[in-house]
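Open the structure in your viewer and set it to cartoon. Keep the selection box ready. We will go stop by stop.

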Amino acid sequence: MPEARLGAELLLARVLETDRVGLYLNFDKPVGEREKDSFRTLLKRRAQREPVAYILGEKEFYSLSFEVSPAVLIPRPETELLVEEAAKELDDPLLPAAKGPPLVVDVGAGSGAVSCALALERKNARILATEINRDATRLAQRNVLAHGLKE
């Protein structure tokens, strides 16, 4: 499995209620049976090729944490380039001067990761995120609120 060690560390960190650094700092700390059982359960899910992000219910994107579920695609690191390029476009001095701030439309917003990251990066823009899937819409709304953005 790609990135098997990273995935295992993230799952173990969740079970032990720490982060990856905490795993290394406390590498010799005994692990109880309850933690072992919980870790085994998560590893079985991973062995079935369930993505770590779905198991944990969250994924980091643009240095922000986003809730994810099988209702949405997992934000990919390369998609951060989209946020960077959109932010550059919004800074373009040749952007036509319209009435009010520029409007960005995110069609099929999924988790809302792109919209939220861009909204936090360029507060001068209005972001309209649309999504047809109700479960994805609810999840995106939770992410919007979690990052202190308005719906």
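This tour of a predicted model goes from the strands to a surface patch, a buried glycine and the salt bridges.

**Stop 1: the hairpin**

Select residues 58-61 and 64-67. These are strand 1 and strand 2, paired in the antiparallel sense over 4 bridges. Now show K59 in strand 1 and look across to strand 2: F66 stands opposite. Move to the turn. The hairpin has 2 residues between its strands, and Y62 takes a positive phi near 55°.

**Stop 2: the parallel pair**

Select residues 103-107 and 126-130. Strand 3 and strand 4 run parallel here, joined by 5 bridges. Pick D106, and you will find A129 of strand 4 opposite. Add residues 113-121 to the selection. This is helix 6, which makes a right-handed β-α-β unit with strand 3 and strand 4.

**Stop 3: a nonpolar patch**

Switch to a surface view and colour L103, V105, V107 and L128. Together they make a nonpolar surface patch of about 380 Å². Which strand gives the most to the patch? Strand 3 does, with 3 residues. Click on V107, which is found in strand 3. Is V107 buried or exposed? V107 counts as exposed because its relative accessibility is 67%, and the cut-off is over 50%.

**Stop 4: a buried glycine**

Go back to cartoon and select G112, in the loop between strand 3 and helix 6. G112 counts as buried, because its relative accessibility is 3%. Show what surrounds it. Leaving aside residues up to four places away in sequence, G112 touches F66 and A140. You met F66 at the hairpin, opposite K59. Next, draw a C-alpha to C-alpha distance from G112 to R142. The two are 9.2 Å apart in space and 30 residues apart in sequence.

**Stop 5: salt bridges**

The structure holds 13 salt bridges. Start in helix 1 (residues 4-15), where R5 and E9 lie 4 residues apart, about one turn of the helix. Their side chains meet in a salt bridge at 3.0 Å, N to O. R5 counts as exposed at 60% relative accessibility, while E9 is buried at 9%. Add R20 to the selection: R5, E9 and R20 are linked in a network of salt bridges.

Then select E58 and R14. Their closest N and O atoms are 2.7 Å apart in a salt bridge. E58 lies in strand 1 and R14 in helix 1, so this pair ties together parts 44 residues apart in sequence. E58 is partly exposed at 34%, and R14 is partly exposed at 37%.

Finish at E78 and R76. In this salt bridge the closest N and O atoms are 2.5 Å apart.

Terms used. Residues are numbered from 1 along each chain as its sequence is written. This is a predicted model: local features need pLDDT of at least 70, side-chain atom pairs count only at pLDDT 80 or more; totals for chains, interfaces and linings use all residues. Side-chain values use heavy atoms; hydrogens and water are left out. Two strands pair if DSSP finds at least two bridges between them. A crossover is right-handed if, with the strands pointing away from the viewer, the path from the first strand over the helix to the second runs clockwise. Patches are made of residues with over 30% relative accessible area and no salt bridge: like charges are joined within 9 Å, nonpolar side chains (Val, Leu, Ile, Met, Phe, Trp, Tyr) within 5 Å. Accessible areas come from the Shrake-Rupley method with a 1.4 Å probe; for residues, only the protein chains shown count as cover. A salt bridge is a side-chain nitrogen of Lys or Arg within 4 Å of a carboxyl oxygen of Asp or Glu. Buried means under 20% relative accessible area, exposed over 50%, partly exposed in between (1.4 Å probe, protein chains only). Contact means heavy atoms within 4.5 Å.
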